[in-house]
Amino acid sequence: MRLDNMLLAEGVAGPEKGGGSAAAAAAAAAAGSPTDNSIEHSDYRAKLSQIRQIYHTELEKYEQACNEFTTHVMNLLREQSRTRPISPKEIERMVSIIHRKFSSIQMQLKQSTCEAVMILRSRFLDARRKRRNFSKQATEILNEYFYSHLSNPYPSEEAKEELAKKCSITVSQVSNWFGNKRIRYKKNIGKFQEEANLYAAKTAVTAAHAAAAAVQNSQTNSPTTPNSGGYPAPCYQSDGRIQ
DNA sequence: AGGTATGATTAGGA
DNA sequence: TCCTAATCATACCT
C-alpha cells in the first residue's frame, strides 16, 4: 500500500535516533518521483518537513522533560532516604513508572503527527482534484499549436514538454488538454470553426511575416507557408482518430 | 441559480 | 503506453 510506504518513508513512524538520515532518505525518495504538479508537490513537501521538524523538536522536548523529571524524583528520593530506607528496587520502579508515562505521551505525539500527515495528504490530493482554468496565455499557446497542427494534432513528447514549459503547466496537463481538445473538436467541428479560423489566421499572419523576412533575405518570392490560404478540413481514419 | 466550459479521471482498446 | 470516449467536478458566465 502506497500510503503506508509514504508514512514510513517520511520518517514519522520511526522515532529512533538517526531521524536525520531517515528524513534525508525520505526527501530523496520524494524527489525520486518526478510526477506531475511539481509546484503543489513542493509545497506539500515543505509542509510535510515542517510537520516532521515539529515532531522531532517536540520529541526532544519530551525527552528532556523526562530526564529532568527523573532527576528531580531521584533527588526527592535521595532526600527521603535520610528519613527512611529506600531500596534500589523502589528507585528503579519509580524510574520505570516515569519512563512509561513519558513514552505514552510520546506515543500520543506520534499519533497526532501521523494524523497531521494524513490530513495534509488528503488536502493535497483534494487540491489536485480541484480544477483551475489555465491562463489565457496558456490556452492561447495550446490552441495555436492545436490549430496549426490540425491535420495531426498529436504533439510528440518533446513538443509536449516544450508546450508545458511555455504554458507553465505539466506534461500530463498538456496531454489532458490535447485529449480533451481533440475529442471536443471532433464532436462539434462547427462550434470550433470560428476559433479555428481565428488561430489559422493568426498563424498565417506570423507565417506571412516570416515569409516576408525570408523574401527580404533571399529576394525570392515563393513563400511556402504551411496551411496558407485555407483551413484544413479534418478527415478521419477508420479507427476514428483525427488524421 | 442554472447552463456551459473545461480540466481531470476512468474504462476500455490497439 | 498512449489513445478515445464518457463522465465527473468545478469554474465561469449570464
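This is a short dialogue on how to read a predicted model of a protein chain with two DNA strands.

Biologist: Where do I start with chain A, and how many helices and strands does its secondary structure have?

Modeller: Begin with the elements, then turn to burial. Chain A has eight helices and zero strands, so the order from the N terminus is α-α-α-α-α-α-α-α. The chain holds 243 residues, and 26% of them count as buried. Its accessible surface is about 16,900 Å², with 54% belonging to carbon and sulfur atoms.

Biologist: What share of the contacts in chain A between residues at least 6 apart joins residues at least 24 apart?

Modeller: That share is 71%.

Biologist: How do I read a nonpolar core, and which residues of the largest one touch the most other members?

Modeller: The general idea is that in soluble globular proteins, nonpolar side chains tend to be buried together. Here the largest nonpolar core has 18 residues, and those touching the most other members are Leu142, Phe146, Tyr147, Leu163, Val174, Phe178 and Tyr185. Helix H5 (136-148), helix H6 (157-167), H7 and helix H8 (189-218) each give two or more residues to this core. H5 provides the largest share, five residues. There is also a second, separate core of six residues, including Val73, Leu77, Ile98 and Phe102.

Biologist: Now the DNA. Which residues are around DNA strand B?

Modeller: Look at the list of residues, then at their classes, then at single atom pairs. Around DNA strand B are Arg131, Arg132, Asn133, Phe134, Gln173, Asn176, Trp177, Asn180, Arg184 and Lys191. By class, this surface has two nonpolar, four polar and four charged residues. H7 gives the most to it, with five residues.

Biologist: Which parts of DNA strand B do the atoms within 4 Å of the protein belong to?

Modeller: Sugar or phosphate accounts for 49% of those atoms, and bases for the rest. The atom pairs include both kinds of partner. A polar side-chain atom of Gln173 lies 2.7 Å from a phosphate oxygen of DNA strand B, and an N or O atom in the side chain of Trp177 is 3.5 Å from a phosphate oxygen. In the side chain of Asn180, an N or O atom is 2.8 Å from a base nitrogen of that strand.

Biologist: How many residues surround DNA strand C, and which are the closest?

Modeller: Ten residues surround DNA strand C, and the closest are Arg131, Tyr154, Arg182, Ile183 and Lys186. The surface near this strand divides into two nonpolar, one polar and seven charged residues. Helix H7 (residues 171-187) gives the most here, with five residues. Of the strand's atoms within 4 Å of the protein, 73% belong to sugar or phosphate and the rest to bases.

Biologist: Which side chains have an N or O atom paired with a phosphate oxygen of DNA strand C?

Modeller: Three examples can be given. The distance is 2.7 Å for Arg182, 2.8 Å for Lys186 and 3.3 Å for Lys160.

Biologist: One last residue. Is Thr113 buried or exposed?

Modeller: Compare the relative accessible area with the cut-off for burial, which is under 20%. Thr113 has a relative accessible area of 7%, so it counts as buried. The residue is found in helix H4 (residues 88-129).

Biologist: What does the side chain of Thr113 reach at 2.8 Å?

Modeller: The Thr113 side chain reaches the backbone oxygen of Leu109.

Terms used
Residues numbered from 1 in each chain as written. Chains lettered and ligands numbered in written order. Predicted model: local features only at pLDDT ≥ 70, side-chain atom pairs only at ≥ 80, totals over all residues. Heavy atoms only, no water. Near = heavy atom within 4 Å. Polar contact = N/O pair within 3.5 Å; in protein donor to acceptor, adjacent residues only side chain to side chain. Helix = DSSP H or I, 4+ residues; strand = E, 2+ residues; numbered from the N terminus. Nonpolar A, V, L, I, M, F, W, Y, C, P; charged D, E, K, R; others polar. Core = buried A, V, L, I, M, F, W, Y, C linked by side-chain atoms within 4.5 Å. Buried < 20%, exposed > 50% of the residue type's maximum accessible area, 1.4 Å probe, protein only. Contact = heavy atoms within 4.5 Å. Areas by Shrake-Rupley, 256 points an atom, 1.4 Å probe, with all protein chains shown as cover.
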